[in-house]
Amino acid sequence: MVRLAAPRRCQSLRVVFCTSAVSPQGHGRKPKREPKVVNGWTVNKQTMLKHISDELYGYVLDHTREPEVLAELREETARLPGFQMQVSPEQGQLMGLLVQLMGVKKAIEVGVFTGYSSLCVAMALPPDGKLVALERDEKALSVARRYWDKAGVTHKVVERVGKAESTLQSIIKEEGGNSYDFAFIDADKANYGVYYELALELVRPGGLVIVDNVLFNGKVVDPEVKDRGTNAIRALNDKIFKDDRVFTATLTVADGLTLCRKL
Ligand SMILES: C[S@@+](CC[C@H](N)C(=O)[O-])C[C@H]1O[C@@H](n2cnc3c(N)ncnc32)[C@H](O)[C@@H]1O
């Protein structure tokens, strides 16, 4: 049975409680920016706050079922550099729902960080399901590992440490194409086009590739922004729009998600 997060009046207690758990495993640097707190929720992913009020977003969060173990991970990550990379609770809940709806047995994630989205997927998988988790940052993975363990899903997770492009190519060689049900892309943006092609090869017809950060904090529509990452996301969005290998929908959840069902 899923244990839900404590009501919001208890959230600040969790922040204090988790602090000591962070320091021994932490990255040793303090985050430059602080996460915002909305309705007692520590908000790591703040992109949507530009577009909707704190009040409305707080309402969404208050209606998001976040198991306690995920709430703890969110609080711990809030104290680490890069906390804003973590997917938001409502995105995590959506991903878990999609995994359940599709009856996913084999999933792959490109970009684990401290493990929030991987945990949402792993917890939604059946007991014999498998999530292959690709990440190059050992320190971030050490946090993820603790939470996979805490949630009792370690047996479902296969870690692949290293650069995602070569790992994806190895997996295609080892397991063949059309061998996964679900892929989530959330690593370095400059390589998104490469990850999309490899993920599309890996998933079976009817399987799903989810691309994260497709709105990139609004930068995709800012003509002043010309960095590699933003250009790569723009190029991929244009490509997916015309790609007749997939049926797609772009959601304005969190930083923007494109769902691509392989035809
Ligand atoms: C946006 S974060 C992932 C957030 C994660 N999905 C979550 O829910 O917390 C991106 C991660 O991709 C990893 N990454 C970046 N480039 C990579 C590469 N070339 N190969 C593997 N991992 C990479 C980073 O170390 C970082 O942890």
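**Exercise 1. Two helices side by side**

Task: In this predicted model, find how the axes of helix H3 (residues 68–77) and H5 are arranged, and state which residues make the contact.

Solution: Begin with the two axes, which come within 10 Å and cross at roughly 170 degrees. Angles over 145 degrees count as roughly antiparallel, and H3 and H5 are therefore roughly antiparallel to each other. Next, look at the residues that form the contact: H3 contributes Leu 70, Leu 73, Arg 74 and Thr 77, while H5 contributes Tyr 116, Leu 119 and Cys 120. Sorted by class, the residues of this contact divide into 5 nonpolar, 1 polar and 1 charged.

**Exercise 2. The surroundings of H3**

Task: Decide how many residues of H3 are buried, and name them.

Solution: A residue is buried if 20 or more other C-beta atoms lie within 10 Å of its own. By this rule 8 of the 10 residues of H3 are buried, so the helix is largely enclosed by the rest of the structure. The buried residues are Val 69, Leu 70, Ala 71, Leu 73, Arg 74, Glu 75, Glu 76 and Thr 77, and Leu 70, Leu 73, Arg 74 and Thr 77 belong to the contact with H5 as well. Continue along the chain to Arg 79, which lies in the loop between H3 and helix H4 (89–102). Arg 79 is buried, with 20 other C-beta atoms within 10 Å. In sequence Arg 79 and Ala 140 are 61 residues apart, whereas in space their C-alpha atoms are 12 Å apart.

**Exercise 3. Building the sheet**

Task: Give the order of the strands in the open sheet, identify its edges, and follow some of its pairings.

Solution: The protein chain holds 9 helices and 9 strands, and 7 strands form an open sheet in the order E5-E4-E3-E6-E7-E9-E8, with mixed pairing. The edge strands are strand E5 (157–161) and E8, each of which pairs on one side only, and the twist averages 15 degrees from one strand to the next. Now follow the pairings from the E5 edge: E4 and E5 run parallel and are joined by 5 bridges, with Glu 135 standing opposite Val 161 in E5. E3 and E4 also run parallel and are joined by 5 bridges, and here Ile 108 stands opposite Val 132 in E4. Further along, 5 bridges join strand E6 (residues 180–185) to E7, again in parallel, and Phe 182 has Leu 208 in E7 as its bridge partner.

Then consider how well these strands are covered. In E4, 5 of the 6 residues are buried, so this strand is largely enclosed by the rest of the structure. Strand E7 (residues 203–212) is mostly covered, since 7 of its 10 residues are buried. Finally, helix H8 (residues 192–202) lies across strand E3 (106–110), E6, E7 and E9, and it runs at about 155 degrees to E7.

**Exercise 4. Two residues with a positive phi**

Task: For Asn 178 and Ala 254, state the phi angle, locate each residue, and decide whether each is buried or partly exposed.

Solution: Take Asn 178, which is not a glycine and yet has a positive phi of about 55 degrees. Its place is in the loop between helix H7 (164–175) and E6. With 13 other C-beta atoms within 10 Å, Asn 178 is partly exposed. Turn next to Ala 254, also not a glycine, whose phi is positive at about 50 degrees. Ala 254 is found in the loop between strand E8 (246–251) and strand E9 (257–262). With 20 other C-beta atoms within 10 Å, Ala 254 is buried.

**Exercise 5. The shell around the ligand**

Task: Describe the residues around the ligand by nearness, by element and by class.

Solution: There are 19 residues around the ligand, and Gly 111, Phe 113, Ser 117, Ala 164 and Asp 188 come nearest. The elements that give two or more residues to this shell are helix H5 (116–124) and strand E4 (130–135). By class, the shell has 9 nonpolar, 4 polar and 6 charged residues.

**Exercise 6. The chain as a whole**

Task: State what share of the residues in the protein chain is buried, and what share of the contacts joins residues 24 or more positions apart.

Solution: Of the 263 residues in the protein chain, buried residues make up 42%. For the contacts, count those with a separation of 6 or more; residues 24 or more positions apart account for 73% of them.

Definitions and conventions: Residues are numbered from 1 along each chain as its sequence is written. This is a predicted model: local features need pLDDT of at least 70, side-chain atom pairs count only at pLDDT 80 or more; totals for chains, interfaces and linings use all residues. A residue is near a molecule or strand if its C-beta atom, placed from the backbone, lies within 6 Å of it. Helices (H or I, at least four residues) and strands (E, at least two) are DSSP runs, numbered from the N terminus. Ala, Val, Leu, Ile, Met, Phe, Trp, Tyr, Cys and Pro count as nonpolar, Asp, Glu, Lys and Arg as charged, and the others, Gly among them, as polar. Axes are lines fitted to C-alpha atoms, for helices over the stretch in contact, and angles run from 0 to 180 degrees between N-to-C directions. Angles under 35 degrees count as roughly parallel, over 145 as roughly antiparallel, 65 to 115 as roughly perpendicular and the rest as oblique. Two residues are in contact if their C-beta atoms, placed from the backbone, lie within 7 Å. A residue is buried if 20 or more other C-beta atoms lie within 10 Å of its own, exposed if 12 or fewer, and partly exposed in between; C-beta atoms are placed from the backbone. Two strands pair if DSSP finds at least two bridges between them.
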